[in-house]
Amino acid sequence: MADKLIIFDTTLRDGEQSPGASMNKDEKLRIARQLERLKVDVIEAGFAASSNGDFEAVQCIAHAIKDSTICSLSRANDRDISRAAEALKGANSARIHTFIATSALHMEKKLRMTPEQVFEQARLAVRFARNLVADVEFSPEDGYRSDMDFLCRVLETVISEGATTINVPDTVGYAVPELYGNFIKTLRERIPNSDKAIWSVHCHNDLGMAVANSLAGVKIGGARQVECTINGLGERAGNCSLEEIVMAVKTRRDYFGLDLGIDTKHILAASRMVSQTTGFVVQPNKAVVGANAFAHASGIHQDGVLKARDTYEIMRAEDVGWTANKIVLGKLSGRNAFKQRLIELGVQMESEADINTAFAKFKELADRKSEIFDEDILALVSDESVTHEKEQYGFVSLSQHSETGERPQASIVFTMDGKEVTGSSDGNGPVDASLKAIEAHVKSGAEMVLYSVNAISGSTESQGEVTVRLQNSGRVVNGVGADPDIVVASAKAYLSALNKLHSKADRVAAQG
Ligand code: KIV
Ligand code: ZN
């Protein structure tokens, strides 16, 4: 029987660490349900000790998810580990992932600790965690740039203290495939008790090699767990992408010889959900989930595919969920059909009243747009008026006037702490005028570092999905808004970004 490759998804922890990608509890839960549907083996739900919000998100995911192991990150100290264990209470299967940096550079400059202090802290942390849960993962942060002899000593010791998984991060994305694969192989050969743990790879994508490095860790090094994120989401250039790893191992089973538990049909929906929730748009030529991933534009390719699909296609688009992109509902669809589709999409509403609010929004949208796609429904249920997030700012209505040769004018009504306010402004274009009208009241002083518009389902009839990224006092947040009118979508995205900017979500950084 072939070995199984464990897929450890860290979209909700390492992915979420990306500036602007932070998610609230409901968003995280919705993504966790999609990951469960994908049959991901382990979901790293957050870093419980980093903030109350993260603690609650881990706790809520630990209660709701039954089929995947739920993991919390924790630094190598008793307080963090206790917090992680507390948040994970009630999970069907719980894992604590504790880490401490082991490279000379990180120990000296960041931790200001001697190697002996780090060694001792790693040992005690794993011992402490093993007294709380049976499944303990240990990561030597910046492991790939650590001294081999020191790393062997630390890892041998934490395995004897009961660590069940050893994860070797290439924290800064410095590795190249052959060297990283051999690094894992050497560790496994030199550490006498290495067979008592599962070996895991965790690669960042700074040089665009995260997937290649992870695959080398599996093939050359013998790792049997890969840590990855949907769409490769993550700080800087991101993490190893789940969809690419999974489809590489599945498509080239002849080479890797490994089994996977993943139900690949749900990959595309997961990709869209993460992109829509975080505002991180997927590039069209992204492998597996990009809009062009299965599009054959050249005549020669089209001709070949029509004659025999495998002339140019190595995977079937439907195996990763592309056929799900069909018209699902329309103006005449009833509440039951809508509710059923929400269930199929993994959206759980807290009450019948919430379903009614979402259904009313759906009807409004169906009046303006004849074909409603899954993406429209997901955008609609993320809308703050449906999620009932207690937000400071909410969109009410907007009117704008633009005419060739005239300076555009906008007037917007929105709520500020429950009270309606009206703002008016002119601007370079209707979007600029609308956002200036908001800013005239809010006076956030934030700098806009990104503005992007994307057609949710491809045509001009589609809803426009706008992402606005704001930066203020070192904080970066993304706001997303969707509407068939892109000026309205822009105003919603701006208000959503302001809500995030003004929320008190200060947290401890995992690699700070
Ligand atoms: O990249 C890294 O080193 C990490 C650890 C915290 C596992 O994310
Ligand atoms: Zn990482």
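# Exercises on a predicted model

The model is predicted. In this model, the count of salt bridges between domain 1 and domain 3 is zero.

**Exercise 1.** State which residues each domain of the protein covers.

Solution. Step 1: the domain assignment places residues 6-278 in domain 1. Step 2: domain 2 is given as 335-386, and domain 3 as 388-503.

**Exercise 2.** Describe the interface of domain 1 and domain 3 by its buried area and its polar contacts.

Solution. Step 1: take the area. The size of an interface is often given as the accessible area lost when the parts come together. For domain 1 and domain 3 this is about 710 Å², with 37% of it on carbon and sulfur atoms.

Step 2: look at the polar pairs. Four residue pairs are in polar contact across the interface, with both residues at pLDDT 80 or more.

Step 3: find where the side of domain 1 comes from. Helix α12 (residues 267-278) gives the largest share of the side that touches domain 3, three residues.

Step 4: sort that side of domain 1 by class. The side has six polar residues, one nonpolar and one charged.

**Exercise 3.** Find how far apart the centres of domain 1 and domain 3 are, and how many residues each domain brings to the contact.

Solution. Step 1: the centres, taken over C-alpha atoms, are separated by 36 Å. Step 2: eight residues of domain 1 and eight residues of domain 3 take part in the contact.

**Exercise 4.** Name the donors of the zinc ion (ligand 2) and place them along the chain.

Solution. Step 1: the zinc ion is coordinated by D14 through OD, and by H202 and H204 through NE2. The distances are 2.0 to 2.2 Å.

Step 2: written along the chain, the spacing of the donors is D-x187-H-x1-H.

Step 3: assign elements to one pair. D14 is in helix α1 (residues 11-15), while H202 is in strand β8 (residues 198-203). The two are 188 residues apart, and the pair links distant parts of the chain.

**Exercise 5.** State the sign of phi for R236 and for K443, and locate both residues.

Solution. Step 1: recall the background. Most residues other than glycine have a negative phi.

Step 2: R236 has a positive phi, near 50 degrees. R236 lies in the loop between β9 (225-228) and α10 (242-251).

Step 3: K443 also has a positive phi, near 50 degrees. K443 is in the loop between α18 (430-442) and β14 (447-455).

Note on methods: Residues are numbered from 1 along each chain as its sequence is written. Chains are lettered from A and ligands numbered from 1 in the order in which they are written. This is a predicted model: local features need pLDDT of at least 70, side-chain atom pairs count only at pLDDT 80 or more; totals for chains, interfaces and linings use all residues. Side-chain values use heavy atoms; hydrogens and water are left out. Domain bounds come from an automatic or database domain assignment. Contact means heavy atoms within 4.5 Å. Buried area is the accessible area (1.4 Å probe) that two parts lose on being put together, summed over both. A salt bridge is a side-chain nitrogen of Lys or Arg within 4 Å of a carboxyl oxygen of Asp or Glu. A polar contact is a pair of N or O atoms within 3.5 Å; within protein, one must be able to donate a hydrogen and the other to accept it, and residues adjacent in sequence count only if both atoms are side-chain atoms. Helices (H or I, at least four residues) and strands (E, at least two) are DSSP runs, numbered from the N terminus. Ala, Val, Leu, Ile, Met, Phe, Trp, Tyr, Cys and Pro count as nonpolar, Asp, Glu, Lys and Arg as charged, and the others, Gly among them, as polar. Donors are N, O and S atoms within 2.8 Å of the metal (3.2 Å for Na, K and Ca); water is not among the atoms, so sites may look incomplete.
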